[in-house]
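Please open the structure in a viewer and keep the sequence at hand. The tour below proceeds by selections, each followed by a description of what is found there.

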Amino acid sequence: MITEEAIRTESLTRTFKVKSLEVKALDSVDILTRLGQVVALVGPNGSGKTTLIKILSTLLLPTSGRAYVMGRDVTRDVREVRASLGLVLASERLFYYRLTGLENLVFFATLYNISLGDAKKRARELLELVGLGKWAEVQYMKYSLGMQRRLALARALIHDPPVLLLDEPTLGLDPISARELRSLIKSLARDKSVLFSSHYMSEVEDLADYVYVIKYGRIIASGTPSELRESVGSVVELNVPLERVPRDMIRFVVFVRDGRARLRVPKRLAEGLDGSAEVIAEDRASLEDVYAYLIGEETMEIDHRSRGWGWRRGR
Ligand SMILES: Nc1ncnc2c1ncn2[C@@H]1O[C@H](COP(=O)(O)OP(=O)(O)O)[C@@H](O)[C@H]1O
Ligand SMILES: [Mg+2]
């Protein structure tokens, strides 16, 4: 079943000028999402995820190319685009600290030109929906981070938009709060299109129907989680003396102990290792293995002096 198109970008490009340097934050990005689908954006820091989300939400203009939300052009139909999406950015001071959760939502609801009565009703509904019903009358400053995120989601849903854009929604949350937020996102996604960015591959595996892998502003791979896993195939777990780990294999190091490194290496690359590698096990590639394989360079350098857990950043 093909459902309605929600987000489409065509050769979307955005450059930033920083002094004499030109940074291509997005480079000819083509993505497509549909209603009822959860789509993940995955890639290292600085790869362009937030830039993409900001362009889709009309906060930032593209340098070239096009982007559409529910068929509306993000540069020409700003009002319609805004009406059809809800946005939660990772780094945003969203709410008034001294107001309660309910008061905050009522305030933002009234910005949508609805009566105070309707705003109160809507705010109550949303607080129930995100599991904050009991916390309606509590000041925002007393909310835990998990509750703050849920309130941010409630705010993004005030006008019941078909599209949700979530930039690193579970960043900094403890595992249980993160899991609760994920199940909330899942339940919302049934009739919406959700586009979210994340660094947590297990989260992407759990939530996403489709994944775009982005690096240096370019989509370098895309597919369902299982398609991506199959593209890497098998991985072998190896135990290798630290000094014998080739530089281009550092990205596959899972941990280091007693001068030996444990690696998870795609099978097709493992042949490049010498006889000092002891094979521990073979496994199907996880999404995290896929990430290590595709992204690679953003690795850390093993600290040979400590010969232990201590890593330091490469370059
Ligand atoms: N306002 C800005 N001015 C200059 N450069 C920026 C600006 N916003 C983002 N960038 C640059 O664009 C690139 C992509 O950034 P961003 O979209 O924030 O990546 P991500 O969200 O994937 O970490 C980075 O190199 C970043 O430094
Ligand atoms: Mg970001």
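**The whole chain**

Begin with the entire chain, which has 10 helices and 17 strands. The model is a predicted one. Along its principal axes, the C-alpha trace spans about 75 × 50 × 45 Å. The chain comprises 315 residues, of which 40% count as buried. Consider next the contacts between residues at least 6 apart in sequence: 67% of them join residues at least 24 apart.

**The two domains**

Colour residues 5-228 and residues 229-313 separately; the domain assignment gives these as domain 1 and domain 2, respectively. The centres of domain 1 and domain 2, taken over C-alpha atoms, are separated by 34 Å.

Now turn to the place where the domains meet. There, 15 residues of domain 1 are in contact with 11 residues of domain 2. To view the domain 1 side, select α7 (201-207), β10 (210-215), β11 (218-223) and α8 (225-232), each of which supplies at least two residues. Which element gives the most to this side? It is α8, with four residues. By class, the residues of the side of domain 1 that touches domain 2 divide into nine nonpolar, three polar and three charged.

**The six-stranded sheet**

Select β7, β8, β9, β4, β10 and β11 together. In that order they form an open sheet of six strands, with mixed pairing. The edges are held by β7 (85-88) and β11; each has a single partner strand, so one side of each is left without a neighbour in the sheet. From one strand to the next, the twist averages 15 degrees.

At the β7 edge, examine the pairing with strand β8 (residues 163-167): β7 and β8 pair in the parallel sense over four bridges. Within this pair, Leu 85 stands opposite Val 163 in β8. Then add α8 to the selection. This helix packs on the sheet, where α8 touches β10 and β11, and its direction makes about 100 degrees with that of β11. The helix was met earlier, as the element that gives the most to the side of domain 1 that touches domain 2.

**The four-stranded sheet**

Move on to β13, β14, β12 and β15. Taken in this order, the four strands form an open sheet, and the pairing is antiparallel. Which strands stand at the edges? They are β13 (253-257) and β15 (278-284); each has a single partner strand, so one side of each lacks a neighbour in the sheet. Neighbouring strands of this sheet are turned by 20 degrees against each other on average, direction ignored.

Inside the sheet, isolate strand β12 (residues 234-241) and strand β14 (residues 260-266), which pair in the antiparallel sense over seven bridges. A position to label here is Val 236, which stands opposite Val 265 in β14.

**The surroundings of ligand 1**

Finally, centre the view on ligand 1. The residues around ligand 1 are Phe 16, Val 18, Val 23, Ala 25, Gly 43, Asn 45, Gly 46, Ser 47, Gly 48, Lys 49, Thr 50 and Thr 51. Three elements may be highlighted with them: β1 (5-18), β2 (21-29) and α1 (49-56) are those that give two or more residues to this shell. The helix α1 gives the most, with three residues. How is the shell around ligand 1 divided by class? There are four nonpolar, seven polar and one charged residues.

Key
Residues are numbered from 1 along each chain as its sequence is written. Chains are lettered from A and ligands numbered from 1 in the order in which they are written. This is a predicted model: local features need pLDDT of at least 70, side-chain atom pairs count only at pLDDT 80 or more; totals for chains, interfaces and linings use all residues. A residue is near a molecule or strand if its C-beta atom, placed from the backbone, lies within 6 Å of it. Ala, Val, Leu, Ile, Met, Phe, Trp, Tyr, Cys and Pro count as nonpolar, Asp, Glu, Lys and Arg as charged, and the others, Gly among them, as polar. Two strands pair if DSSP finds at least two bridges between them. Axes are lines fitted to C-alpha atoms, for helices over the stretch in contact, and angles run from 0 to 180 degrees between N-to-C directions. Domain bounds come from an automatic or database domain assignment. Two residues are in contact if their C-beta atoms, placed from the backbone, lie within 7 Å. A residue is buried if 20 or more other C-beta atoms lie within 10 Å of its own, exposed if 12 or fewer, and partly exposed in between; C-beta atoms are placed from the backbone.
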